[in-house]
Amino acid sequence: MSSGMSTPASQASTLVGSPNLRSALDRDPIDTFLSSSAVLEYYSSKASSAVFLYDLAREAGVGNVIRNLREKESGEEHAVVFDVQSRAGAGLNLLGRISEGTSSGATKALTAFTTPTGLAQMQPTLGLFPQPTSGSRLILQIPTITHWGEDLVILPTLSNLTSIFASTPENFSIILSATPQEIVDFAALSYSISGSHVIHIFDQWSAGREISRKKTSYQVAAISSPGSDIHTEFTRAGHSFFEYTGPTDASNILVVLNGPLALAIKNVSSIIPSLGVVTVKVLRPWDEAHLRRIIPSSAQAIHVLDDVLSPTSFTPLYHDVLGAIASQIVKSPRISSVRLDTKTLSQILVSAQSLVGYLSSILPINWFVAPEIPARTSKRTSFYWSPSSSLREVPVVASQLFVTNLNIHARLVQNVDAFSKPGGIAQSILTVGSTKDGVDVTPIPFTSGQSPETDAVVVLDPLLLKSHDVFSELKKGSPVLIVTTWSADEVISNLSRANLETIDIKKPHLLLINAEATASSLKTPSLDVLVAYTAFLRLYLGQTARLDVVTALLTSLFGKEVHSVSIDKVAQASWEALHSIPLPVLTVTEEEVVPSKQFTFNTVDSNSTDSIAHPAIKTSSWIEAAKHFVFREAFVVSEEPAPSTEFRQNPALRPDIAERRYLVTCTVNRRLTPIEYNRNVFHLEFDTSGTGLKYEIGEALGVHGWNDEQEVLDFCK
């Protein structure tokens, strides 16, 4: 940590190449507080002969751990890492490597990290991969992060993968993980499965990056060598291909791929009458018999949810379910397809209220009374900070007291907005609940309880008070801690008019502390993080906060001294420096109120330090930002134009392809090269009239030939 502090309980300062990391993940059994993606990278490094790290995966915040392991660990225990560029035909280098066999370790696999966009670019080559052997297995680790829209907001959509799902080669398995524990378990499973290559799709939108308690007792043995087939390995690990949530007599069944949306739907399913949710955790191989067993016999309607690019896109999950249910059950329930485009996903994966409203529109539910969404049982705190600030570590330090407590279920995730403010801003969300209430696995960005539901806000960058909305999600009367060198009058004068109006409604308890001045009074400026953390503790404890209690908690985490300064002195100085700010009086004005900027999650840190658990955030260079704007189509989910009434899609034209198809006539086919030439070059002209197809210079035209019916019949005979 840049402040120089370290704590026995904290893994935030654990270095990649240190013995602490090996002891944190190699012992059996053990809990770990590292992020799931860091654990996944560690296991991938140990179980692979080589790792291909694509640039899209690096932008998703993956790769720093696995690269540093190779650089800092001695010997051949960890895989060599190759940085690769994402492009069309990106799978060819993997195919060449697999065809040669692994260069070290007869049982080690070849691993590649990319995103759904990068995986879609590999589709043409997946069918060319040979049958896997113990020394030539391919493991594709896919963090689900996709940029969408003009703001490049990050979403966990799988819409780019519809064609992959529809045409997966038989020698590939597809597994999907959504919770932090599942990501860790499935990471190990992907290397223990024998007999197939594996595509592991895991949630990097929230769960993969969150810091929380995870069990790592099973995984160490699982990655040592390939085990058995996928059915056996999943059963041995305590997982199944499908998971059913809901009443045993449910009449409406919703089938959805495992991911953040599935977790959010399960979170609200209890308030929707007679609804059962089937979560698909293994998409390939498709186990029809298992699916039929878990669907209640009372089911009258099955609704299958597919992520799609457009309303006309192919729906692979729907066709899988249709084939499994309709052909085998005498009196089968009605099966309907629900296409979920990326725009709708961005709207419903926000809060329970928006999700329940969407489900009400697709399910046959007659509400006699509007459903009451239960309040969240855990406490939620939002930290807003600047990536360049010395206080950026406060959220991590604040989480340590809770994450390491066996009676508390605590989770921390951080998101970055690189565009709304020069240098970017970051938001860390900490949720804390009792283990008696169960383990909450709902995605942290999803507001699962009553809205608004933030119990406290900590502002570590006072400039945000001028420009950004940091109060609207706050519960009425909740505390707001502002860490700044400004005086109370300066804080009030720098509040935007929009924030003043929100404060007038919310009536928060405003608290102010000058961490820099307090640390300087202790003759140790680097203690500013500890001072801010002490103020947070007092805020969090509320009416139960006493100086002796806060001091005891600090001592349990940091010992009796930090930088030769007594913890008692730090606690005393911080206690005296914290004071309240009177609520500003809202004056009447005729001036137009400029809305505050909203925080948008559009960046995952790709420049982490050696601190695995929660690296200090550094926004990418201007070159990376320029790439997103200049080459927008390479980073944003492509949207297909809505079909017009004049030119409708002919469903008979290659229904397995997600892109728009057209039926055109070849009017000119003229050979340009001599017949004896070793290359065949033709001049072709197509008549597109009456199809709606528009061609622009530079575009490529994919041609799917139309076989002569009589020639096909003659061939078959």
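These legends accompany several close-up views of a predicted model. Local features here need a pLDDT of at least 70 and side-chain atom pairs count only at pLDDT 80 or more, while totals for chains, interfaces and linings use all residues. Residues are numbered from 1 along each chain as its sequence is written, and side-chain values use heavy atoms, with hydrogens and water left out.

**View 1. A sheet of seven strands, from S18 to S25.** Welcome to an open sheet with mixed pairing, whose seven strands follow the order S18-S19-S17-S20-S21-S22-S25. Strands here are DSSP runs of E with at least two residues, helices are runs of H or I with at least four residues, and both are numbered from the N terminus. Two strands pair if DSSP finds at least two bridges between them. Strands of a sheet pair through backbone hydrogen bonds, either parallel or antiparallel. S18 and strand S25 (579-581) are the edge strands of the seven-strand sheet, each pairing on one side only. On average, neighbouring strands of this sheet are turned by 20° against each other, direction ignored. Such angles run from 0 to 180 degrees between N-to-C directions, using axes that are lines fitted to C-alpha atoms, for helices over the stretch in contact.

**View 2. The two ends of the seven-strand sheet.** At one edge, S18 and S19 run antiparallel and are joined by 10 bridges. Look for valine 416, which stands opposite alanine 426 in S19. Is strand S18 largely enclosed or not? Nine of the 10 residues of S18 (residues 408-417) are buried, so this strand is largely enclosed by the rest of the structure. Buried means under 20% relative accessible area, exposed means over 50%, and partly exposed lies in between, for a 1.4 Å probe and protein chains only. At the other edge, strand S22 (residues 509-513) pairs with S25 in the antiparallel sense over three bridges. There, leucine 512 stands opposite histidine 579 in S25.

**View 3. The second largest pocket and its lining.** This pocket holds about 840 Å³ of space. On a 1 Å grid over the protein atoms alone, a pocket is an open set of points with protein on both sides within 12 Å along at least five of seven lines, whereas a cavity is a set of points where a 1.4 Å probe fits but cannot get out; lining residues have an atom within 4 Å of a point. Grid points are joined across faces, edges and corners, and a volume is the space filled by probe spheres set on the points. Of the 30 lining residues of the second largest pocket, Val350, Gln427, Pro445, Glu473 and Phe599 lie nearest its centre. Strand S7 (153-155), strand S17 (379-385) and strand S19 (425-434) each give at least two residues to this lining. Its make-up is 13 nonpolar, 12 polar and five charged residues. Ala, Val, Leu, Ile, Met, Phe, Trp, Tyr, Cys and Pro count as nonpolar, Asp, Glu, Lys and Arg as charged, and the others, Gly among them, as polar.

**View 4. A sheet of five strands, with S12 beside S15.** Here the order is S11-S13-S12-S15-S16, in an open sheet with mixed pairing. Its edge strands, strand S11 (242-245) and strand S16 (334-341), each pair on one side only. From one strand to the next, the twist averages 20°. Strand S12 (residues 252-257) and strand S15 (residues 301-308) run parallel, joined by four bridges. Isoleucine 253 stands opposite isoleucine 302 in S15.

**View 5. The second largest cavity.** The whole structure contains six cavities of 30 Å³ or more. The second largest has a volume of about 200 Å³. Which of its 20 lining residues are closest to its centre? They are Leu158, Leu257, Asn258, Gly259 and Asp307. S12 and S15 each supply at least two lining residues, as do strand S8 (172-177), strand S9 (197-202) and helix H11 (260-268).

**View 6. Three loop residues to look at.** In the loop between strand S14 (282-284) and helix H12 (288-294) you will find proline 285. A cis peptide bond joins arginine 284 to proline 285, with omega about 5°. Lysine 507 sits in the loop between helix H19 (497-506) and S22, and its phi is positive, near 50°. Lysine 507 is partly exposed, at 41% relative accessible area. Lysine 523, in the loop between helix H20 (515-521) and helix H21 (528-541), has a positive phi near 65°. Lysine 523 is exposed, with a relative accessible area of 75%.
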